[in-house]
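Got the structure open? Let's go through how some of its labels are earned.

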Amino acid sequence: MADDEDDYRGPATVRTADREVAIQVVLRGHFQPIDGRFHWYGRVSAHDEVAELAANRRTPVLLSTPTGEARGTLSDPDPWGRYRITGTGRPPFPLPTEADG
């Protein structure tokens, strides 16, 4: 499915200055021509330690996957306890390199 080309689903690690938590994530992203930057976003699997980390506030983190890492922000949880994560710039997952899609 073409919409899944930029997705990453799998293991990751979320880190703050004093904590590291192994998690599962679903990520995707797109280039935003208005600001000229790549915006990536997704959800972190429900996890008690992530809930403690976020503590119902915007929390800067370093998100690592097997293919990269990027700074992002944990924010609001959904009704299932999965926290939203967002970032700009190089994402923590590979992007397609084919110029003509």
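What follows is a set of questions and answers about this predicted model.

Q: How do you know how confident the predictor is in the protein as a whole?
A: Look at the pLDDT, which is a score from 0 to 100. The protein averages 89, and 88% of the residues score at least 70.

Q: Why is Val44 called buried?
A: The label needs a relative accessible area under 20%. Val44 has 0%, so it counts as buried. You'll find Val44 in strand β3, which covers residues 37-44.

Q: What is Val44 in contact with, leaving aside its neighbours within four places in sequence?
A: Contact takes heavy atoms within 4.5 Å. On that basis, Val44 has a list of partners that includes Ile23, Val25, Val50, Leu74 and Tyr83.

Q: What makes Ser64 buried?
A: Same test, cut-off 20%. Ser64 comes in at 7%, so buried is the right word. Ser64 belongs to strand β4.

Q: Which side chains make polar contacts with the side chain of Ser64?
A: The limit for a pair of N or O atoms is 3.5 Å. Arg15 is joined to Ser64 at 3.4 Å, and Glu69 makes its polar contact with Ser64 at 3.2 Å.

Q: Why is the pair Arg15 and Glu69 called a salt bridge?
A: The nitrogen and the carboxyl oxygen have to be within 4 Å. Here the closest N and O atoms are 3.9 Å apart, so the pair makes the cut. Arg15 lies in strand β1 and Glu69 in strand β5, so the bridge ties together parts that are 54 residues apart in sequence.

Q: Are Arg15 and Glu69 buried or exposed, or in between?
A: Partly exposed is what you call anything between 20% and 50%. Arg15 has 27%, so that label fits, and Glu69 gets it too with 46%.

Q: How do you know that Arg28 and Asp7 form a salt bridge?
A: Check the distance against 4 Å. Their closest N and O atoms are 3.3 Å apart, so they qualify. Arg28 is in strand β2 and Asp7 in the segment before β1, so parts 21 residues apart in sequence are tied together. Arg9 joins in as well: Asp7, Arg9 and Arg28 are linked in a network of salt bridges.

Q: Why do Asp7 and Arg28 get different accessibility labels?
A: Asp7 has 15%, which is under the 20% cut-off, so it is buried. Arg28 has 30%, so it is partly exposed.

Q: How many salt bridges does a search of the whole structure find?
A: It finds seven.

Methods
Residues numbered from 1 in each chain as written. Predicted model: local features only at pLDDT ≥ 70, side-chain atom pairs only at ≥ 80, totals over all residues. Heavy atoms only, no water. Helix = DSSP H or I, 4+ residues; strand = E, 2+ residues; numbered from the N terminus. Buried < 20%, exposed > 50% of the residue type's maximum accessible area, 1.4 Å probe, protein only. Polar contact = N/O pair within 3.5 Å; in protein donor to acceptor, adjacent residues only side chain to side chain. Salt bridge = Lys/Arg side-chain N within 4 Å of Asp/Glu carboxyl O.
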